[in-house]
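Please walk through this structure with attention to helices, strands, salt bridges and backbone geometry.

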Amino acid sequence: MPWLTDQTDEKPARPILASAVRASLRTLEQIAPGHTVEVRVPPFAAVQCIPGPRHTRGTPPNVIETDPRTWLELATGLLTWTDGVESARVSASGTRADLSGLLPIVRNVGQ
């Protein structure tokens, strides 16, 4: 996706962006199955992952939220977890809301 690597200013079509976000979140679910952390990338998807106590009612205690571009940058390794959190591009609340050991989940972007 040239847009992520700043090779173009043209944002991908909404269906393509949605598909990329959903596919990468499904990959996260597969590599870290569980229900302890909710990862939200509005308006496209939210998943629960990370083994541990299951959350069933109300707002989850461990929530990560970010925009689609930031999520895809994290998923592809173009942005580190630490830089995303420190720059406030990623909101992470809760003691288990840390994906640093799982990212990137997609490799070889732009190669």
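Is Ile50 buried or exposed? The model is a predicted one, and in it Ile50 has a relative accessible area of 14%. Because the cut-off for buried is under 20%, Ile50 counts as buried. Ile50 sits in the loop between β2 and β3. Its phi is near 75 degrees, a positive value in a residue other than glycine. Most residues other than glycine have a negative phi, and most peptide bonds are trans.

Asp6 also has a positive phi, near 60 degrees, and is likewise a residue other than glycine. Asp6 belongs to the segment before α1. With a relative accessible area of 59%, Asp6 is exposed.

Two peptide bonds also deserve a look. Pro42 and Pro43 are joined by a cis peptide bond, with omega about 5 degrees. Pro43 falls in the loop between β1 and β2. From Leu103 to Pro104 the peptide bond is cis as well, and omega there is near 0 degrees. Pro104 is part of the segment after β4.

The helices come next. Helix α1 contains 18 residues. From its first C-alpha to its last, α1 reaches 26 Å, close to the 26 Å expected at 1.5 Å a residue. Its buried residues are Leu17, Ala18, Val21, Ser24, Leu25 and Leu28. These buried residues are on the same side of α1, because they cover an arc of only 140 degrees around the axis. The face turned away from that buried side carries Pro15 and Gln30, which are exposed. The cover over the buried residues of α1 includes β1, β2 and α2.

How many of the residues of α2 are buried? Nine of the nine are, so α2 is largely enclosed by the rest of the structure. The buried residues are Pro68, Arg69, Thr70, Trp71, Leu72, Glu73, Leu74, Ala75 and Thr76. What covers them includes α1, β1, β3, α3 and β4.

Thr70 gives a local view of helix α2, where it is placed. Its relative accessible area is 1%, so Thr70 is buried. Leaving aside residues up to four places away in sequence, Thr70 touches Leu79, Arg89 and Val90. The C-alpha atoms of Thr70 and Ala45 are 14 Å apart, with the two residues separated by 25 residues along the chain.

Val37 offers a similar view from strand β1. Val37 is buried, at a relative accessible area of 1%. Not counting residues up to four places away in sequence, Val37 touches Val47, Gln48, Cys49, Ile50, Asn62, Ile64, Arg96 and Ala97. Ile50, one of these contacts, is the buried loop residue described at the start. Between the C-alpha atoms of Val37 and Arg26, eleven residues apart along the chain, the separation is 14 Å.

Charged side chains form the next topic. The whole structure has five salt bridges. One of them joins Asp6 to Arg69, with the closest N and O atoms 2.8 Å apart. This pair links distant parts of the chain, with Asp6 in the segment before α1 and Arg69 in helix α2, 63 residues apart. Asp6 and Arg69 also belong to a network of salt bridges that links them with Glu73 and Arg89. Of these residues, Arg69 and Glu73 are among the buried residues of α2, whereas Asp6 is exposed.

Arg40 takes part in two further pairings, described in turn. With Glu38, Arg40 forms a salt bridge whose closest N and O atoms are 2.6 Å apart. Glu38 is buried, at a relative accessible area of 15%, whereas Arg40 is partly exposed at 25%. The side chains of Arg40 and Glu65 also meet in a salt bridge, at 3.9 Å from N to O. This second pair links distant parts of the chain, namely strand β3 with Glu65 and strand β1 with Arg40, 25 residues apart. Glu65 counts as partly exposed, at 33% relative accessibility.

Aromatic rings close the tour. The structure holds zero aromatic pairs. A charge does sit over a ring, however: Arg69 lies over the face of Trp3, at 4.6 Å from the ring centre. Arg69 therefore appears both over that ring and in the salt bridge with Asp6.

Technical notes:
Residues are numbered from 1 along each chain as its sequence is written. This is a predicted model: local features need pLDDT of at least 70, side-chain atom pairs count only at pLDDT 80 or more; totals for chains, interfaces and linings use all residues. Side-chain values use heavy atoms; hydrogens and water are left out. A salt bridge is a side-chain nitrogen of Lys or Arg within 4 Å of a carboxyl oxygen of Asp or Glu. Helices (H or I, at least four residues) and strands (E, at least two) are DSSP runs, numbered from the N terminus. Buried means under 20% relative accessible area, exposed over 50%, partly exposed in between (1.4 Å probe, protein chains only). The expected span of a helix is 1.5 Å times one less than its number of residues. The arc is that of the directions from the helix axis to the C-beta atoms. Contact means heavy atoms within 4.5 Å. Rings of Phe, Tyr and Trp (its six-membered ring) pair if their centres lie within 6.5 Å; planes under 30 degrees apart count as stacked, over 60 as edge-to-face and the rest as tilted. A charge sits over a ring if NZ of Lys or CZ of Arg is within 6 Å of the ring centre and within 35 degrees of the ring normal.
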